[in-house]
Amino acid sequence: LVGLRIFGKEILGKKLDDAGFIVQELIKTRNRLREEKEFKKADSIRSRLKELGVLLEDNNGKTVWRAE
């Protein structure tokens with residue numbers, strides 16, 4: 001199990017192999033930050049995910065992800 005804190009939001013009790021859930025939560029947080037014009041924080045999420053091999057694609061107001 002993993003306990004994770006992302007910009008003040010806690011994600012607790014998820015199995016480590018449930019990466020999809022964590023990525024989706026990060027995307028939701030990133031999208032909220034973009035709406036709030038917190039672009040540096042939103043970009044830091046994208047950058048960190050890229051370092052972990054997760055690519056984000058924004059298209060028509062939706063964000064999808066894929067493993068690199």
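Visitor: Why does L49 count as buried?

Guide: The relative accessibility of L49 is 4%, and buried means under 20%, so L49 earns the label. Bear in mind that we're looking at a predicted model.

Visitor: Where does L49 lie, and which residues does L49 touch beyond its sequence neighbours?

Guide: L49 lies in helix α2. Leaving out residues up to four places away in sequence, L49 touches L26, V54 and L56. There's also a long-range pairing to look at: V23 is 26 residues from L49 along the chain, yet their C-alpha atoms are separated by 8.1 Å.

Visitor: What makes I45 buried?

Guide: Same kind of reasoning. I45 has a relative accessible area of 5%, and the cut-off for buried is under 20%, so I45 is in. I45 also has its place in helix α2. Its C-alpha atom and that of L56, eleven residues apart along the chain, are separated by 10.0 Å.

Visitor: Why is α1 called roughly antiparallel to α2?

Guide: Start with the geometry. Helix α1 covers residues 19-35 and helix α2 covers residues 39-51, and they pack at an angle of about 155° with their axes 7 Å apart. Angles over 145 degrees count as roughly antiparallel, and that makes α1 roughly antiparallel to α2.

Visitor: Which residues of α1 and α2 make the contact, and what is the handedness of the crossing?

Guide: On the α1 side you have L26, T29, R30, L33 and R34; on the α2 side, F39, K41, A42, I45, R46 and L49. The crossing itself is left-handed.

Visitor: How do the residues of that contact divide by type?

Guide: They come out as six nonpolar, one polar and four charged. Leu, Ile, Phe and Ala are among the nonpolar types, while Arg and Lys count as charged.

Visitor: What makes the phi of K37 stand out?

Guide: Most residues other than glycine have a negative phi. K37 is not a glycine, and yet its phi is positive, at about 60°. You'll find K37 in the loop between α1 and α2.

Visitor: And how do you know whether K37 is buried or exposed?

Guide: K37 has 61% relative accessibility, and exposed means over 50%, so K37 counts as exposed.

Visitor: What about the phi of N60?

Guide: N60 is a residue other than glycine with a positive phi, near 55°. N60 lies in the loop between β3 (54-59) and β4 (62-67).

Visitor: Is N60 buried or exposed, and how do you know?

Guide: Its relative accessible area is 75%. The bar for exposed is over 50%, so N60 is exposed.

Visitor: Why does E68 count as exposed?

Guide: Its relative accessibility is 64%; set that against the over 50% cut-off, and E68 qualifies. E68 lies in the segment after β4.

Visitor: Which residues is E68 in contact with, apart from its sequence neighbours?

Guide: Setting aside neighbours within four places in sequence, E68 is in contact with K50, G53 and L55. Contact here means heavy atoms within 4.5 Å. E68 and E51 are 17 residues apart in sequence, with 9.9 Å from C-alpha to C-alpha.

Visitor: What pattern does the protein chain follow along the sequence?

Guide: It reads β-β-α-α-β-β, with two helices and four strands in the protein chain.

Visitor: How much of the protein chain do buried residues make up, and what area does the protein chain expose?

Guide: Buried residues make up 28% of the 68 residues. The protein chain exposes about 5100 Å², with carbon and sulfur atoms supplying 51% of that. As for contacts with a separation of 6 or more, residues 24 or more positions apart account for 25% of them.

Note on methods. Residues are numbered from 1 along each chain as its sequence is written. This is a predicted model: local features need pLDDT of at least 70, side-chain atom pairs count only at pLDDT 80 or more; totals for chains, interfaces and linings use all residues. Side-chain values use heavy atoms; hydrogens and water are left out. Axes are lines fitted to C-alpha atoms, for helices over the stretch in contact, and angles run from 0 to 180 degrees between N-to-C directions. Angles under 35 degrees count as roughly parallel, over 145 as roughly antiparallel, 65 to 115 as roughly perpendicular and the rest as oblique. A crossing is left-handed if the near helix is turned anticlockwise from the far one by less than a right angle, and right-handed if clockwise. Buried means under 20% relative accessible area, exposed over 50%, partly exposed in between (1.4 Å probe, protein chains only). Accessible areas come from the Shrake-Rupley method with a 1.4 Å probe; for residues, only the protein chains shown count as cover.
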